[in-house]
Structure formats: C-alpha cells, structure tokens
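Here are my notes from going through the model you sent over. Have the structure open while you read, since the points go from place to place.

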Amino acid sequence: MSGGVDSSVAAALLVEQGYQVVGIMLRLWSEGEADARHNRCCTPSDVDLARRVADSLDIPFYVLDVAESFKAQVVDPFIADYLAGHTPNPCINCNRRIRFGWLMDKAQGLGASHLATGHYARRRLQGARWQLSRGADGDKDQSYVLSVLTQAQLARAMFPLGELTKPQVRQIAQRKNLPVAHKPDSQDLCFPLDGDYRQFLLRHAPAGAIRPGPICTTSGQVIGRHAGLPFYTIGQRKGLGLSSAEALYVLALVPDENVIVVGAATELGRAECKVHSVNYPGGEQPGGPFRASVKIRYKASEADATVTPLSSDEAHIAFDYPLRDITPGQAAVFYDGEIVVGGGIIGVESAK
C-alpha cells in the first residue's frame, strides 16, 4: 500500500472477495538528513492515508523499512547507469529487486500466499504456466515494468486492477468512501528530494564523474560543449546550446571519451539493437527467431520486429523500420498481442 488510490482499491477489492488481507507500506530510501528525509512514495501524509484506508477496511497495516536495500539495488545502479552513458528506468529494477524480490520474500515469511499490488496488468494460467499480459486500461497498462517477473513470482502475484480502467478504480474508491479517491497520481522519480534527477546526480555522483566535454558531429568536428553526459539522452534535440542551420539530435553518448555525438534527424534512426538481462515471464525461451511488437520505452508506441534469442539472457532485435530513440539502459519489451513474451535492457552498442 502506498497511500494512493490504486493500491487502496486493490486492497479493498480483495477484502470484498473474502481474502485475509494485510496492508504493507515500504519505507524507501530518499536523500536528506536521515531523521527527516522522506521518499516521495512514502511521505508521512502517505503513511497516514494508507493507515486510514487500512482502518476503514479493518485490515492490519505495517510499515517496513527497506531503505538500505533500495539504496543498494535501485539508487546506486541508477547513478552508475547514468555515469556509464545509459538512461535507466529505476521502476523496473525496483520491481525486480524490491517489490517482487525483497517484499515477496517477506510476505512469504509472514505466511501470505500471494503478494497483491495496484499495478494495471493481468496474469492468467495457460496450461501449467502463468502468462503476464496487458492491463485492460491501455492508457494505464504497466505490463512493461513488470516484464522482469519470473514464473515463480507470477505464481504468487495478484493484480486486482488488471480488468479495470482508472476511472472505474476511482469510482470504486468513491463508492467505498476511501480517503484517497481523488488523490492525484504520482509521476516523478520517488527518491530525489526535489524530483529533479539532474540535480540528484550532481549531489550524489562521485566527485569529477560528471564533467563538461565536447559535442561532436559524426565526422569528429567539435561544434559545442555539453554540461555532462548524464544530462542528455538519445534523440534529444532541445537544450543542446548549438547554433545550426538544421536541427541537431543526440546520436550517441561516448563515456570513455566524455563526448556527445550529434547529427541530423536522418542520421538518428536505427533498425536494430541488442538487449541483455533478458527475461521471459512465461518461463520458456523461444527456440528461434520470433515476431513481436516491441516497446522501447514505457510510453513508446510499439514497433513490429523480429527478435532472435542469442543466449539465455541476450537477444537481437531487428525492427521493420528505423526507430529514432533506441536508448541504452531502457527496457525493450516483446509482446504477442496482449501477452508479454519477454524483455531485456537495451545495450550501449545500440547507440553507436
């Protein structure tokens, strides 16, 4: 439970269905003084709201401190990825390591049969295997950030909101008089004090790790200076501080040389990439190349492609047409219609 409408309604629906429900909020790491800092996902007001919801549902409620693990397994890799020229999605790592890792283990230790969350996604049993599929609400579908889940985790997961739309969830919250019915959705990163990842990196990266450097064309001509590689991403056009007769875009980040390579829009597109840390939620790696629709960012449109497994945790993706923003560090998730076939992290070679 986060003190938001989604997890609150998920808990309410499970109570309504007769389950014995225990509400748990995670106290995550955030920057600031240890006795005063509050992660944006678990502020004192959020804790109060979640506790009020639990009281209204007559279920136990606990706050568990996972700050140390969250810092080591989500925040530190987030910083390291940016310094390596990647653009990470920390929510994916949080789901892999914390929510469906640490918390699922904790739930099992408490004797719970399942871990339920407010994610908009669905799971279904197909034969002897669980499948992960999109949520019914296409605008809120979160199957992308759940593509890291394994068979063992899917077997113990529950997504009570999978068949619902966001408006329906808010209607349920109002009908049940939950105090979170009109609470806005959270959009920003949860752990930076002010929500600004650039300032966060400046405060927490090792001294000298973020430094200005040259902006070059693909021919090697230096045409400007950048403020630090972590502040830019593939496909970026605005904020480069360049004067040019044609619009220039970030084509590549080169950490070893501290260089940003820019070029025209016609130079931007790529039709292939490799992914690592590949996971297949269905539990089986396809035996050869397969067709899929692929999302390369959480809010990206899907693109048709051929995915070729290279090993147990690597794959090659050949898109039917070039994409302008294939970005190292982001996840590429493979879909077969509604079903999540698999997903992996885009490698840095994709930007060269």
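What follows is a set of numbered points on salt bridges, a helix pair, the strands and one alanine.

1. Before anything else, keep in mind that this is a predicted model. Everything below is computed from that model.

2. Let's start with the charged pairs. Searching the whole structure turns up 16 salt bridges. One of them joins Lys183 to Asp46, with the closest N and O atoms 2.4 Å apart. Lys183 sits in the loop between helix 6 (166–175) and helix 7 (197–204), while Asp46 belongs to helix 2 (residues 44–57), so this pair ties together parts that are 137 residues apart in sequence. How covered are the two partners? Lys183 is partly exposed at 23% relative accessibility, and Asp46 is buried, at 7%. The cut-off for buried is under 20% relative accessible area, which is worth having in mind for Lys183 with its 23%.

3. Next, have a look at Glu302 and Arg134, a salt bridge whose closest N and O atoms are 2.6 Å apart. This is another link between distant parts of the chain: Glu302 is in the loop between strand 12 (290–295) and strand 13 (303–309), Arg134 is in strand 5 (residues 129–134), and 168 residues separate them. Glu302 counts as partly exposed, with 31% relative accessibility. Arg134 counts as buried, with 12%.

4. Asp320 and Arg291 also meet through their side chains in a salt bridge, at 2.7 Å from N to O. Here Asp320 comes from strand 14 (residues 314–323) and Arg291 from strand 12, so the pair ties together parts that are 29 residues apart in sequence. Both ends come out as partly exposed: Asp320 has 45% relative accessibility and Arg291 has 47%.

5. Not every salt bridge here is a lone pair. Asp6, Lys140, Lys166, Arg170 and Asp185 are linked in a network of them. If you color by charge, pick out these five together.

6. Now for a helix pair. Helix 3 (residues 67–83) packs with helix 7 at an angle of about 95°, their axes being 11 Å apart. That makes the two helices, 3 and 7, roughly perpendicular. Which residues meet there? From helix 3 come Val75, Phe78, Ile79 and Tyr82, and from helix 7 come Tyr197, Phe200, Leu201 and His204. Sorted by class, the contact has seven nonpolar residues, one polar and no charged ones.

7. On to the strands, beginning with an open sheet. Four strands make it up, in the order 8-7-10-9, with mixed pairing. Strand 8 (222–226) and strand 9 (249–254) are at the edges with a single partner strand each, so one side of each has no neighbour in the sheet. From one strand to the next, the twist averages 30°. Within this sheet, strand 7 (residues 213–217) and strand 8 run antiparallel and are joined by four bridges. To find the register, note that Pro214 is opposite Arg225 in strand 8.

8. Strand 16 (residues 339–346) deserves its own point. Six of its eight residues are buried, leaving the strand mostly covered. Strand 11 (residues 270–279) pairs with strand 16 in the antiparallel sense over three bridges, and His276 stands opposite Ile345 there. Strand 15 (residues 331–336) also pairs antiparallel with strand 16, over six bridges. In that pairing, Ala331 has Ile345 as its bridge partner in strand 16.

9. Strands 15 and 16 form a hairpin with two residues between them. In the turn, Gly337 has a positive phi of about 65°.

10. Last, Ala332. Where does Ala332 sit? It is in strand 15, and with a relative accessible area of 0%, Ala332 is buried. Setting aside neighbours within four places in sequence, Ala332 contacts Val275, Val294, Lys295, Ile296, Ile317, Gly342, Gly343, Gly344 and Ile346. For a sense of distance across the model, the C-alpha atoms of Ala332 and Lys176 are separated by 38 Å, and the two residues are 156 apart along the chain.

Conventions:
Residues are numbered from 1 along each chain as its sequence is written. This is a predicted model: local features need pLDDT of at least 70, side-chain atom pairs count only at pLDDT 80 or more; totals for chains, interfaces and linings use all residues. Side-chain values use heavy atoms; hydrogens and water are left out. A salt bridge is a side-chain nitrogen of Lys or Arg within 4 Å of a carboxyl oxygen of Asp or Glu. Buried means under 20% relative accessible area, exposed over 50%, partly exposed in between (1.4 Å probe, protein chains only). Axes are lines fitted to C-alpha atoms, for helices over the stretch in contact, and angles run from 0 to 180 degrees between N-to-C directions. Angles under 35 degrees count as roughly parallel, over 145 as roughly antiparallel, 65 to 115 as roughly perpendicular and the rest as oblique. Contact means heavy atoms within 4.5 Å. Ala, Val, Leu, Ile, Met, Phe, Trp, Tyr, Cys and Pro count as nonpolar, Asp, Glu, Lys and Arg as charged, and the others, Gly among them, as polar. Two strands pair if DSSP finds at least two bridges between them.
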